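This report describes a single protein chain, beginning with a group of charged residues and then turning to the chain as a whole. The sequence and structure are shown here.

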Amino acid sequence: QVQLVESGGGLVQPGGSLRLSCATSGIPFSSSTMGWYRQAPGKQRELVAAITDGGSTNYSDSGKGRFTISRDNAKNTVSLQMNSLKPEDTAVYYCNLVLWVKTGYDYWGQGTQVTVSS
């Protein structure tokens, strides 16, 4: 069965760092582009980082220079290192297959809450 399990969120002060992790199972992980998405209340879901099966990465304007996405194909996990966090980064963060999201396949994990506040 499909599992997408995010972890690593929490409360952090502006300028701080967090590392999010996503454990997956039941998906074609090694051949899939994986993404980290976030959604804040009242806002659209946003793709903040993606990594292809070959390891190429892309970032949103807000994440570029501050976020780093990585993957471990042996463990079927994808991570997001977030540095220099800002209050506007506050959101629930999710991992998913980019193809699934693009095609409207509506499956999401529980997400992990990131709160950036003084």
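## A buried charged pair

Asp89 and Arg66 are both buried. In this predicted model, their side chains meet in a salt bridge, with an N to O distance of 2.7 Å. The two residues come from distant parts of the chain: Asp89 belongs to the loop between E8 and E9, Arg66 to the loop between E6 and E7, and 23 residues separate them.

The pair does not stand alone, since salt bridges with shared partners join Arg38, Glu46, Arg66 and Asp89 into one network.

## The remainder of the network

Arg38 also forms a salt bridge with Asp89, and here the closest N and O atoms are 2.9 Å apart. Arg38 is part of strand E4 (residues 34–39), whereas Asp89 is in the loop between E8 and E9, so this pair ties together parts that are 51 residues apart in sequence. Arg38 and Asp89 are both buried. For Arg38 the relative accessibility is 8%, and because buried means under 20% relative accessible area, Arg38 counts as buried.

A further salt bridge connects Arg38 with Glu46, at 3.0 Å between the closest N and O atoms. Glu46 is partly exposed, its relative accessible area being 28%. A search of the whole structure finds three salt bridges.

## Ser60 and its contacts

Glu46 is also one of the residues touched by Ser60. Leaving aside residues up to four places away in sequence, Ser60 touches Glu46, Leu47 and Val48. Ser60 lies in the loop between strand E6 (57–59) and E7. Is Ser60 buried or exposed? With a relative accessible area of 13%, Ser60 is buried.

## Backbone angles in two loops

Most residues other than glycine have a negative phi. Which value does phi take at Asn76? Phi of Asn76 is near 55°, a positive value in a residue other than glycine. Asn76 is located in the loop between strand E7 (67–72) and strand E8 (77–82). The relative accessible area of Asn76 is 28%, and the residue is partly exposed.

Ser84 likewise is a residue other than glycine with a positive phi, in this case near 50°. Its position is in the loop between E8 and strand E9 (91–97). Ser84 is partly exposed, with a relative accessible area of 41%.

## Thr77 in strand E8

Thr77 lies in strand E8. At 22% relative accessibility, Thr77 counts as partly exposed, because the buried class is reserved for values under 20%.

Which residues does Thr77 touch, not counting those up to four places away in sequence? They are Cys22, Ala23, Phe29, Ser70, Arg71 and Asp72. The C-alpha atom of Thr77 is separated by 9.5 Å from that of Met34, and the two residues are 43 apart along the chain.

## Overall architecture

The protein chain has one helix and 10 strands. Read from the N terminus, its elements run β-β-β-β-β-β-β-β-β-α-β. The radius of gyration is 13 Å, close to the 13 Å that the globule rule gives for 118 residues, so the chain is as compact as a globular protein of that length. Along the principal axes, the C-alpha trace spans about 40 × 25 × 20 Å.

What share of contacts joins residues at least 24 apart, among contacts between residues at least 6 apart in sequence? For the protein chain that share is 54%.

## Burial, surface and charge

Of the 118 residues in the protein chain, 41% are buried; Asp89 and Arg66 are both buried, as is Ser60. The accessible surface of the chain comes to about 6,200 Å², and 46% of it belongs to carbon and sulfur atoms.

The chain carries 10 positive and 8 negative side chains. The centres of these two sets lie 3 Å apart.

Terms used. Residues numbered from 1 in each chain as written. Predicted model: local features only at pLDDT ≥ 70, side-chain atom pairs only at ≥ 80, totals over all residues. Heavy atoms only, no water. Helix = DSSP H or I, 4+ residues; strand = E, 2+ residues; numbered from the N terminus. Rg over C-alpha atoms; globule rule 2.2 N^0.38 Å. Buried < 20%, exposed > 50% of the residue type's maximum accessible area, 1.4 Å probe, protein only. Contact = heavy atoms within 4.5 Å. Areas by Shrake-Rupley, 256 points an atom, 1.4 Å probe, with all protein chains shown as cover. Lys, Arg positive; Asp, Glu negative; His and termini not counted. Charge placed at Lys NZ, Arg CZ, Asp CG, Glu CD. Salt bridge = Lys/Arg side-chain N within 4 Å of Asp/Glu carboxyl O.
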